[in-house]
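Let's take a friendly walk through this protein together. Keep the sequence to hand and turn the model as you read.

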Amino acid sequence: MLEGSCHCGGVHVRVTHAPPDVAECNCSVCRRLGELWSYYKPAEVEVVGDTDTYVWGDRCLALHRCKTCGCVTHWSPLIEIDRMGVNMRNFEPAIIKDLPVRKVDNA
């Protein structure tokens with residue numbers, strides 16, 4: 001089990017295993033926020049703490065951010081898919097430093 005948290009520690013995210021890679025998305029939101037995503041089944045992720053959500057565009061996912069410090073922690077689907085995204089920038093850098101970075105073109 002790996003655990004990461006937002007800057008203030010108000011939201012903790014736990015995942016069952018290290019990801020095989022991380023994704024860098026260039027959509028209008030991700031390119032501004034600079035997340036590195038890894039994808040998990042919702043059953044493989046535990047989120048503890050209070051978050052606010054932001055939904056835009058085609059309304060297929062909700063970005064979650066800490067209510068206190070504003071760090072984006074994960075996204076959850078608003079449509080029927082068995083996948084969610086976890087922002088690996090909230091985990092210790094050593095966990096992701098050697099992982100391949102996939103460029104995702106959602107611009």
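In which helix does C30 lie? C30 belongs to helix α1, which covers residues 30-33. Bear in mind as you look that this is a predicted model. C30 counts as buried because its relative accessibility is 8%, and the cut-off for buried is under 20%. Leaving out residues up to four places away in sequence, C30 touches C25, E35 and W37. Now look further along the chain: A107 is 77 residues away from C30 in sequence, yet the C-alpha atoms of the two are separated by 9.7 Å.

Next, find A23, which sits in strand β3 (residues 22-25). With a relative accessible area of 0%, A23 is buried. Its contacts, not counting residues up to four places away in sequence, are E35, L36, W37, Y39, R102 and V104. E35 and W37 should look familiar, since C30 touches them too. For a sense of distance, pick out K67, 44 residues from A23 along the chain: the C-alpha atoms of A23 and K67 are 25 Å apart.

From here, turn to the largest pocket, which holds about 360 Å³ of space. Its lining is made up of 18 residues, and those closest to the pocket's centre are C25, C27, L61, W75 and N106. Three strands, β4 (37-40), β7 (61-66) and β10 (101-104), each supply at least two residues of this lining. What is the chemical character of the lining? It divides into 13 nonpolar residues, two polar and three charged.

Now move to strand β8, which runs over residues 72-77 and includes T73. Is T73 buried or exposed? T73 is buried, with a relative accessible area of 1%. Its side chain makes a polar contact of 2.8 Å with the side chain of H74. Setting aside neighbours within four places in sequence, T73 is also in contact with C6, V11, V13, T51, H64, R65, V86, N87 and N90.

One of those contacts of T73, V13, leads us to the start of the chain. Strand β1 (residues 2-5) and strand β2 (residues 12-15) pair in the antiparallel sense, with four bridges between them. To see how they line up, find L2, which stands opposite V15 in β2. Six residues lie between the two strands of this hairpin, where G9 takes a positive phi near 85°.

Note on methods:
Residues are numbered from 1 along each chain as its sequence is written. This is a predicted model: local features need pLDDT of at least 70, side-chain atom pairs count only at pLDDT 80 or more; totals for chains, interfaces and linings use all residues. Side-chain values use heavy atoms; hydrogens and water are left out. Buried means under 20% relative accessible area, exposed over 50%, partly exposed in between (1.4 Å probe, protein chains only). A polar contact is a pair of N or O atoms within 3.5 Å; within protein, one must be able to donate a hydrogen and the other to accept it, and residues adjacent in sequence count only if both atoms are side-chain atoms. Contact means heavy atoms within 4.5 Å. On a 1 Å grid over the protein atoms alone, a cavity is a set of points where a 1.4 Å probe fits but cannot get out, and a pocket is an open set with protein on both sides within 12 Å along at least five of seven lines; lining residues have an atom within 4 Å of a point. Grid points are joined across faces, edges and corners, and a volume is the space filled by probe spheres set on the points. Ala, Val, Leu, Ile, Met, Phe, Trp, Tyr, Cys and Pro count as nonpolar, Asp, Glu, Lys and Arg as charged, and the others, Gly among them, as polar. Two strands pair if DSSP finds at least two bridges between them.
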